[in-house]
Amino acid sequence: MMYTIQKSVSGDFNQVVETTIDALKDEGFGVLCDIDVQATLEEKLGEEFRQYRILGACNPALAHEGLNEEIELGALLPCNVIVYETDGGEVMVSAVDPQQLVGIADNEALDSIANEVHDRFERVLSTIGSELESASEV
């Protein structure tokens, strides 16, 4: 089962992260947390790992609407978006698929919210690809 929606892009890792954060902002999401997995594993375990960031994204209006429908939804928030280096040298941007995520709540009232978040994440991924392609042509 696929539980993410994703886009592979070429570009500088840090630029992809910044472009992702900007695209999320344009869709009404704030990044509540930014976890640098590579740095954390190095610091806590002394282990090397590929560049990998977890961005905890939240759209306050949609989160409020969802929490009013299902108070336990908070256990599934924020929606994570990950940016990581692939083995092939590309950068993958991957967002949790909210349609899959809220499916476990078994509450049809959340379907329209999940669809809205899904559509916004699709636009984020499309924006990232377009902006990075434009930047590389300059």
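This passage describes the nonpolar core, the strand pairing, the largest cavity and two backbone features of a predicted model.

The largest nonpolar core holds 30 residues. Within this core, V81, V83, F121 and I128 have the most contacts. Seven stretches of secondary structure are listed as giving two or more residues each: strand 1 (4-9), helix 1 (13-26), strand 3 (52-58), strand 4 (79-85), strand 5 (91-96), helix 4 (98-103) and helix 5 (111-137). Helix 5 gives the most, with eight residues. F121 shows how distant parts of the sequence meet. Neighbours within four places in sequence aside, F121 is in contact with I5, L24, F29, C79, V81, A95, V96 and P98. One of these partners, V81, is itself among the core residues with the most contacts.

Strand 3 pairs with two other strands. With strand 2 (residues 30-36), the pairing is antiparallel and runs over six bridges. Here V31 has A57 of strand 3 as its bridge partner. With strand 4, strand 3 again pairs in the antiparallel sense, over six bridges. In this pairing, L55 stands opposite V81 of strand 4. Strand 3 is mostly covered, with five of its seven residues buried. In a regular strand, side chains alternate between the two faces of the sheet.

A search of the whole structure finds one cavity of 30 Å³ or more. The largest cavity encloses about 180 Å³ of space. Its lining consists of 16 residues. Nearest the centre lie L73, L77, C79, I113 and V117. Strand 3, helix 3 (60-69), helix 4 and helix 5 each supply at least two lining residues. The lining divides into 15 nonpolar residues, one polar residue and no charged residue. C79 belongs to this lining and is also in contact with F121.

Two loops carry notable backbone geometry. The first lies between helix 3 and strand 4, and P78 is found there. A cis peptide bond joins L77 to P78, with omega at about -5 degrees. L77 is also one of the residues nearest the centre of the largest cavity. The second loop lies between helix 4 and helix 5 and holds D106. Phi of D106 is near 55 degrees, a positive value in a residue other than glycine. Is D106 buried or exposed? D106 counts as exposed because its relative accessibility is 72%, and the cut-off for exposed is over 50%.

Conventions: Residues numbered from 1 in each chain as written. Predicted model: local features only at pLDDT ≥ 70, side-chain atom pairs only at ≥ 80, totals over all residues. Heavy atoms only, no water. Core = buried A, V, L, I, M, F, W, Y, C linked by side-chain atoms within 4.5 Å. Buried < 20%, exposed > 50% of the residue type's maximum accessible area, 1.4 Å probe, protein only. Helix = DSSP H or I, 4+ residues; strand = E, 2+ residues; numbered from the N terminus. Contact = heavy atoms within 4.5 Å. 1 Å grid on protein atoms, 1.4 Å probe; cavity = no way out; pocket = protein on both sides within 12 Å on 5 of 7 lines; lining within 4 Å. Points joined across faces, edges and corners; volume = space filled by probe spheres on them. Nonpolar A, V, L, I, M, F, W, Y, C, P; charged D, E, K, R; others polar. Pairing = 2+ DSSP bridges.
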